[in-house]
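Open the model in your viewer and keep the selection tool at hand. The tour goes stop by stop, naming what to select and what is there.

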Amino acid sequence: MIWNPSVECASREQMREIQSQCLTSMLERIYKSVPFYRNKLQEKGIEPGDIKSVDQLKDLPFTLKNDLRDNYPFGLFTVPQADIVRLHASSGTSGKPTVVGYTGNDIAMWSEIVARSLAMANVTQQDIIQVAYGYGLFTGGLGLHYGAEKLGALVIPISGGNTKKQLQLMVDLGSTVLACTPSYAALLGESIAREGIRREDLRLRVGVFGAEPWTEEMRAQLQQLLGIKAYDIYGLSEIIGPGVSMECEHQCGNHINEDHFIPEIIDPKTLEILPYGELGELVLTPVSKEAMPLLRFRTRDLTRLHAETCACGRTLVRMEKCLGRTDDMLIIRGVNVFPSQVESVLLELAETSPHYQLIVSRENNLDSLEIKVEIDEQFWSDEVKQLEALKNRIKSNIQSVLGISATIRLVEPRSIERSEGKAKRVIDNRK
Amino acid sequence: MIIKQLSVFLEDKSGRLNELTKILADNDINITALSIADAVDYGIVRMIVGRPELAVRILKENGFSVNLTEVACLVVPNQPGGLYHALKILADNQINIDYLYAFAIETTALVVIRSASISEVINVLKNNQLELLLASRVYQL
């Protein structure tokens with residue numbers, strides 16, 4: 001079902017008109033209320049009235065994650081505190097967290113785009129959605145929650161963790177949709193198998209997974225483990241949270257809700273705008289947000305955009321599944337490495353599980369990469385030569401995919417720490 | 001004649017073998033034979049214990065990755081040529097051995113043999129009048 005056909009199937013011309021109107025009004029608001037943006041616009045000699053079309057977006061300044069930190073906590077808010085009804089914050093892995101505010105209208109808009117997203121995955125009012133994203137400062141739980149309620153589905157707000165209880169409720173209440181991070185979905189799938197829960201005890205049919213990059217191989221594995229069709233939902237807290245974009249049943253990229261979030265792809269080095277189909281950094285302008293609209297926020301996510309109308313009938317621009325965030329990208333001996341590439345290699349082999357960890361170190365000024373891989377509980381051999389052959393197979397596949405060699409270390413099943421939220425895939429000891 | 005051997009994958013971490021043996025001790029499970037194949041960063045503990053199925057269940061519950069592997073236990077005289085005589089029979093029958101471990105005391109030696117074709121190993125040795133221990137006896141040694 002298409003939740004809001006007038007927008008989701010609008011002509012490119014109509015969409016440009018919507019975006020242009022919102023952009024003009026947003027510029028007036030931020031120029032008036034946010035000194036940070038007023039200064040930046042003045043530096044470029046731009047007055048709010050100068051911008052009349054979305055085509056002029058390319059002349060406007062960027063916003064970086066650091067700008068949010070520098071203006072912590074409320075410096076980028078455009079409305080008085082009395083109009084803010086909720087705050088979310090991203091984890092401050094390096095120093096201060098970033099805080100994002102929402103007005104009542106922002107929450108309503110967010111609910112709308114999550115309802116649209118769920119409808120893209122063929123979720124309906126009849127569904128029972130187990131929301132196993134964390135509830136709290138993280139946007140995942142509450143974002144999915146409000147959208148699912150807007151759709152009219154039944155929500156089980158169990159939040160992340162408590163795996164035994166998750167499985168019990170999944171069986172007893174007959175959850176049909178699971179929403180969580182792909183790494184937690186893998187943990188749940190593993191636990192289902194271990195607890196001896198049979199496929200016919202479950203009514204799950206759809207998975208809505210996001211908040212961390214995941215591969216097609218991981219999708220195949222999760223679909224098989226859980227007996228579902230798995231969909232990618234994309235979002236980031238700085239922009240709003242989950243629901244910025246979402247896959248439809250054709251799974252040919254995520255449809256961006258571009259009436260609210262104007263997408264651009266730039267070359268991260270030259271900052272030039274790249275045409276549709278080219279790989280670059282995704283830049284988003286959450287143009288309709290009231291509490292904290294951002295101008296050309298650089299997401300650090302690498303992807304491509306495609307503008308052709310989708311087989312589902314939607315005209316919303318599609319973004320390819322993110323290869324990874326430029327932040328997650330490791331440079332090892334001068335080679336760019338994404339953890340998701342390692343995941344692809346491991347999932348192709350039956351004897352390993354999707355649980356792995358990359359450890360990067362520097363010895364004698366030379367980077368070294370060690371990959372810890374859990375052996376599969378069922379499929380390991382008790383012969384050293386077989387295990388060594390497996391190690392060599394992983395090593396040579398990694399070498400051909402990444403272009404660098406890695407030390408492979410086989411470890412016991414379940415010895416790599418499991419995550420109930422986002423998985424910690426990389427330990428970089430070089431810092 | 002087939003004997004169920006436990007194979008446990010252990011990371012190279014100090015104390016891991018200690019934990020393994022403690023769990024078996026706490027559950028009153030006796031170890032009859034044990035050998036470790038050590039690779040660079042992990043080891044495989046192979047052991048024969050009383051009540052192997054129970055041991056597997058308990059070890060799994062305690063987070064160990066453990067498999068059952070089928071082996072045979074051969075009895076040969078503790079004298080020069082005792083093992084050679086048995087291995088020659090296997091070699092003459094083109095049977096490949098994956099690994100074995102053995103120990104001798106007084107007049108006899110016990111040899112645990114693992115091969116991908118374990119039933120064939122047993123048949124060939126029996127047909128050549130070599131002595132194999134019954135599983136029930138090995139578990140209780």
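Two strands count as paired if DSSP finds at least two bridges between them. With that in mind, turn to this predicted model and begin in chain B.

**Stop 1: a strand in chain B**

Select strand S4 of chain B, residues 65-77. Of its 13 residues, 10 are buried, so S4(B) is largely enclosed by the rest of the structure. Now add its partners one by one. Strand S6 of chain B, residues 108-114, runs antiparallel to S4(B) and is joined to it by six bridges. To find one of these positions, pick Cys73(B), whose bridge partner in S6(B) is Val112(B).

Next, show strand S1 of chain B, residues 3-11, which is antiparallel to S4(B) and linked to it by seven bridges. Here Val8(B) stands opposite Val66(B) of S4(B). Finish with strand S7 of chain B, residues 131-132, where two bridges make an antiparallel connection to S4(B). Look for Leu74(B), with Leu132(B) of S7(B) opposite.

**Stop 2: two helices in chain A**

Move to chain A and select helix H2, residues 12-33, together with helix H3, residues 35-43. How do their axes cross? They come within 6 Å and cross at roughly 110°. Angles of 65 to 115 degrees count as roughly perpendicular, and H2(A) and H3(A) are therefore roughly perpendicular to each other. To see the contact, display Leu27(A), Ile30(A), Tyr31(A), Lys32(A) and Ser33(A) from H2(A), then Pro35(A), Tyr37(A), Arg38(A), Leu41(A) and Gln42(A) from H3(A).

**Stop 3: a strand pair in chain A**

Select strand S1 of chain A, residues 84-90; five of its seven residues are buried, which leaves the strand mostly covered. Add strand S2 of chain A, residues 98-103, which is antiparallel to S1(A) and joined to it by six bridges. Ser90(A) has Thr98(A) as its bridge partner in S2(A).

**Stop 4: an antiparallel sheet**

Select S10, S11, S12 and S15 of chain A, which form an open sheet in that order with antiparallel pairing. Its edge strands are S10 (261-266) and S15 (324-325), each pairing on one side only. Between them in the order, look at S11 (residues 280-286) and S12 (residues 297-303), which pair over four bridges. Val283(A) has Arg298(A) of S12(A) opposite.

**Stop 5: a mixed sheet**

Which strands of chain A make up the open sheet with mixed pairing? Select S20, S19, S18 and S21, which lie in that order. S20 (407-411) and S21 (426-428) are the edge strands, each with pairing on one side only. On average, neighbouring strands of this sheet are turned by 20° against each other, direction ignored. S18 (residues 352-363) and S19 (residues 366-375) run antiparallel and are joined by nine bridges. Zoom in on Arg362(A), which stands opposite Asp367(A) in S19(A).

**Stop 6: a helix with two faces**

Last, select helix H11 of chain A, residues 384-402. Its 19 residues reach 26 Å from the first C-alpha to the last, close to the 27 Å expected. Colour its buried residues: Leu387(A), Leu390(A), Lys391(A), Ile394(A), Ile398(A) and Leu402(A). They cover an arc of only 100° around the axis, which puts them on the same side of H11(A). Rotate to the face turned away from that buried side, where the exposed residues Lys385(A) and Ser400(A) sit. Step just past the end of H11(A) to Gly403(A), which takes a positive phi of about 80°.

Terms used:
Residues are numbered from 1 along each chain as its sequence is written. Chains are lettered from A and ligands numbered from 1 in the order in which they are written. This is a predicted model: local features need pLDDT of at least 70, side-chain atom pairs count only at pLDDT 80 or more; totals for chains, interfaces and linings use all residues. Side-chain values use heavy atoms; hydrogens and water are left out. The expected span of a helix is 1.5 Å times one less than its number of residues. Buried means under 20% relative accessible area, exposed over 50%, partly exposed in between (1.4 Å probe, protein chains only). The arc is that of the directions from the helix axis to the C-beta atoms. Axes are lines fitted to C-alpha atoms, for helices over the stretch in contact, and angles run from 0 to 180 degrees between N-to-C directions. Angles under 35 degrees count as roughly parallel, over 145 as roughly antiparallel, 65 to 115 as roughly perpendicular and the rest as oblique. Contact means heavy atoms within 4.5 Å.
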